[in-house]
Structures are given as structure tokens and as C-alpha cells.
Amino acid sequence: MSTHLNKKWILQYVLILGIGLMGCAKSMNPDIERGSSYNFIDGYPEGRFTAIGLIDDQGNPKIDIAADIVLGSLIYNKEGDKYISNVTINVQIINQTNPDNVVGSEQYEIDIEREDPNIVYSQQIHTFQREIEVAPGRYTINFTLTDQSSDKQITHSTETYLPNPENNVSNLTNIRMEGKNMSSEDPSWSPITTYDVPGRVDSLKFIFQVTNNNSSEPLTIDSQLLRFESDTTYARPMHYNNYSASSIQYKGIDYDEEEVIQSTQRKLIEPGNVLIEFTFGDQPRGNYRFEVQTNISSEESGEAYKARDFAVKSKNYPSIQTARELAQPLIYLMKEKEYEKLMAITNTDSLKQAVDRFWLKNIGNKGQGRSVIKKFYNRVEEANKQFSNFKEGWKTDPGMMYILMGPPWYVDERLDEMYWSYSYNRSDPTRNFYFFEPRNKNEFFPFNHYILRRSQSYFTLQYQQIDLWLSGLIMRRNM
């Protein structure tokens, strides 16, 4: 398959995925924020964006924008003893009451430097933050990140709301989420721009503002952190039986099964604008919601409820670095008993040695082995960026297919359906795959949760793909 087809498919899928995540979430419940999607396109700059409307200490409405720029996705030019990447961020703010009215447009030029471009992990980030003052209202914010060296760019869009602090009503702003890693060199609070939170983040903070302009009765603020039951398993082999409709693997995430981690109530008696912060320690891997609700709703704005959904993923998500992170995706290449024996190893050094032995035993040639290993784990990381939802992308059905077989040659999207083809013959049953998206009747369900329609006829194909990886022939052909 050509590089052109790879990039064309990835671009199409990421655009569909990004629009799906944002559009579905916003159309179902606009008061639940989920952050930016990864918008991964091979060879393009990577950036995640967020925008939250807040009121400053002087009562001025502002939009707080933040961007995480992935250093490993940029092109660097040597200038003296430094390597410099020149990028621009364009921010366009549109008033939703009049979509033709662009109320703000800013361009920021950023020089990102590092001494050696080879020593930075691909997922290290440069965080960019700005505040833009606007009038109260509902806004769409469009971001564009451009790498000036390649002239390639990605785009993202989000929405936010700024209440009018002068109105004689009570209002609640969007929730800003921040994270901190106390073991890092700089343990400072940084914005969380995506739905996915790496497990290395050991402290979480949620910030919002309440405007109490009703002096006739106290304003009660109820907040709670919830955890939802969700699927955390890896994808089953493509020739196994299909999932039962009642199983958590089929549902993906069950918003009807929630656990209250913490619940707090606060009352505001005096009128005015109050900034409220809640801080939590590290949480186990899973899917969460921090929500806030007031007892006084505004007929004008209806801003009585806000929430921020998020998921705690693996330690170095979306990268694969630790011995256990390297070992886990081998489920797609190992026999069941062999995998169980591998995962039973608790010592980190022993586990890493076992992973190395697995690759060397099968491929034999160390040079070829390094190339195969790099290709495999690049696929795992790319699957994380493209297919993650309530669990890591490599564990999903599309993620499994992408890792084993690479990007599909063709993708057809229909309502709740997706077809992947690895053949020019679109009727070949062993080279064409059907995915469907279960429809759970829940207003909060935001994910592109695609399930492969499994078949026993795929047994030979999966065996052949595993053999390509273990023999090293995957470097010559995908199928």
C-alpha cells in the first residue's frame, strides 16, 4: 500500500473521528466537556487544544485557550548549536448567535528549540496558553496549528460559554481541568486538553466559577466525582465469537453504573462571582466525570449543570515505554498460555528481558528485529492516537486490526457502520471487514465505539498475519 493511500485514509478517518467525537458529544449534552481529540495524521504536526470561558478578578469575561504541541511531531532546523522549529497557532472566535461574525482572530508565532532532536521522546509537549477578552455569549473556537518548515497543518474546533456577570441571574461557567505530576522536574499545574489523562499524572484540579446575583436565597453548589463501569479488556481474536449485547465489551461504558468517589456541597450566601477549585489525588485507570450542579437555574441561560469527562489511561499514554506497556500488546502475537506466563512476571527487569527474548527467539536477526519491534510499537502508539475511547486505542477492535494489518486500503463510512478493505476486490470475504457501532440509549455516550463483526473464516488470515510479524516478513509486505 502506498504512503499516499496511508495518509489519505488517516486524514479521512481522523477528520471523521474528530467530528464524531465533538459533534456527538455536543449534540447530546453541550454542558459536558470532553477535551480535544488527538487529530493524528502521519507526518503532520500534533496538537491538542482546549478553550474555557472564565470571568477574571475584575469581572471581565475571557476565553482561556491552551494548546499542547507534541515536540516529536515537528520539523527542526539547525541554527547554531540549537535546533529550532517554527510553528504558528491561529485562533478564530465565532459568535454562535451570528456564525458570520468573527469576533476575534489571533495568530501566534512560536519558536520551539531543543539542543538535540534525537533525545526528546515523541510525546513530550510544549504548552501554550493565552487569554482573549470577549463579550459574554456562546462561542465556537477554531484552532489551526501549522509547522512552517513543512507547511502542514491540523485544525480543531470546540465551543465554550461565558455568562454575563451583570445579569440578575445565577450562572455557572465551563470547567477547566488541570493535572500535575509530582515526580517530574517541574511539578506545576498544566491544562488537560484531551479526554485522556496519562497515568503518570498524580494530581487533578477542576476550576470553575459561579456568579450569584440572586440575593433572595442562598446558591447551593453540589459537586461530585463519579467513576463509571467500562470495558478495559484487549480485543479478542477476529475469529472468535461476537460479543453478547449484554456484555460490557459490547456496551463499552455503562453510564447507569456509577460509583461516587467524592461528593461536596457548598452554599453561597453573598452575591458576587466566586472562583472554586477542587483537587484530587491520582485515580486508578478508568472513566470519570466531575460534575457541578446548582439549585437555581437561569431561564435565560439554563446554566445550572456543567461536567468534565475524562479517562485515566496507562502511565505513558499514548506512548509505550515501560516493560509492562511493551509486554501487554504482545497479546496479539502470542499464544494464550505464553502470554499468561509473560504477564505473571512481576519484576520489571525480568519482564523486559522476557519481551526481548520473545522477539529475538522468533526473528533471530537482531538488526531485522529492531526494525520489526519499532514498526510494531509505532503501530501501537498510532492506534492509541486514532482509536482510543473509554480504553486505550490498541485494545479496541480497529486498533487490533490496525496493528496486525496496517491502515486499510479503503474505508467506507455509513451511519453506525464502517467497512475496511485490504483488497481491490471489495467482495473478498477474507480481505474486507465490517465494524458496527452499538447504539446505547444514553445522552452521555460520546464515543466512536466500533466492534468488528467476527467470523471463524478469519482464523487463517490472523494466523498468517502473526506469522508475518514473527518471521520479520512484515517489513516486506503487510499481507
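R454 is buried, with a relative accessible area of 5%. This value, like every other given here, comes from a predicted model. The cut-off for a buried residue is under 20% relative accessible area, so R454 falls inside the buried class. R454 nevertheless carries a charged partner. Its side chain meets that of D397 in a salt bridge, with 2.8 Å from N to O. The two residues sit in separate elements: R454 lies in the loop between β23 and α8, whereas D397 belongs to helix α7, residues 397-405. The pair therefore ties together parts that are 57 residues apart in sequence. D397 also counts as buried, at 5% relative accessibility.

Side chains of opposite charge can pair when their charged atoms come close. The count of salt bridges in the model comes to 18. One of them joins R289 to D309, where the closest N and O atoms are 2.7 Å apart. This pair links distant parts of the chain, with R289 in strand β18 (residues 286-294) and D309 in strand β19, 20 residues apart. R289 and D309 are both buried. The two residues do not stand alone, since R34 is linked with R289 and D309 in a network of salt bridges.

A further salt bridge forms between K251 and D254. Here the closest N and O atoms are 3.9 Å apart. Burial differs between the partners. K251 counts as partly exposed, at 28% relative accessibility. D254 is buried, with a relative accessible area of 12%.

Unpaired acidic side chains were examined next. On the surface, E229, D256, E257 and E258 gather in a patch of negative charge. Strand β16, which spans residues 253-268, gives the most to this patch, with 3 residues. D256 has its place in strand β16. At 65% relative accessibility, D256 counts as exposed, because the cut-off for that class is over 50%.

Aromatic contacts form another theme. The structure holds 27 aromatic pairs. In one of them, F206 and F310 lie 5.7 Å apart from centre to centre, with 40 degrees between the planes, and the pair is tilted. This pair links distant parts of the chain. F206 is in strand β14 (residues 203-212) and F310 is in strand β19 (residues 305-312), 104 residues apart. F206 is buried, with a relative accessible area of 0%. F310 is likewise buried, with a relative accessible area of 0%.

The rings of F433 and Y458 give a second example. Their centres are 4.8 Å apart and their planes stand at 45 degrees, so this pair is tilted. It too links distant parts of the chain: F433 lies in strand β22 (residues 432-436), and Y458 lies in the loop between β23 (451-452) and α8 (459-471), 25 residues apart. F433 is buried, with a relative accessible area of 1%. Y458 counts as buried at 6% relative accessibility.

Aromatic residues also group beyond single pairs. F206, F208, F278, F280, Y288, F290 and F310 form one aromatic cluster. The tilted pair of F206 and F310 is thus part of this cluster.

A contact between distant parts of the chain also involves I474. This residue lies in the segment after α8. I474 counts as buried, at 2% relative accessibility. The C-alpha atoms of I474 and V372 are separated by 7.4 Å, with the two positions 102 residues apart along the chain.Backbone geometry was considered last. Most residues other than glycine have a negative phi, and most peptide bonds are trans. The peptide bond from Y317 to P318 is cis, with omega near 0 degrees. P318 is found in the loop between β19 and α3 (323-327). D151 has a phi near 65 degrees, a positive value in a residue other than glycine. Its place is in the loop between β8 (137-147) and β9 (152-162). D151 is exposed, with a relative accessible area of 59%. Phi of D416 is also positive, near 65 degrees. D416 is found in the loop between β20 (410-414) and β21 (417-421).

Key: Residues numbered from 1 in each chain as written. Predicted model: local features only at pLDDT ≥ 70, side-chain atom pairs only at ≥ 80, totals over all residues. Heavy atoms only, no water. Patch = residues over 30% accessible without salt bridge, like charges linked within 9 Å, V, L, I, M, F, W, Y side chains within 5 Å. Areas by Shrake-Rupley, 256 points an atom, 1.4 Å probe, with all protein chains shown as cover. Salt bridge = Lys/Arg side-chain N within 4 Å of Asp/Glu carboxyl O. Lys, Arg positive; Asp, Glu negative; His and termini not counted. Charge placed at Lys NZ, Arg CZ, Asp CG, Glu CD. Helix = DSSP H or I, 4+ residues; strand = E, 2+ residues; numbered from the N terminus. Buried < 20%, exposed > 50% of the residue type's maximum accessible area, 1.4 Å probe, protein only. Phe/Tyr/Trp six-rings, centres within 6.5 Å; stacked < 30°, edge-to-face > 60°.
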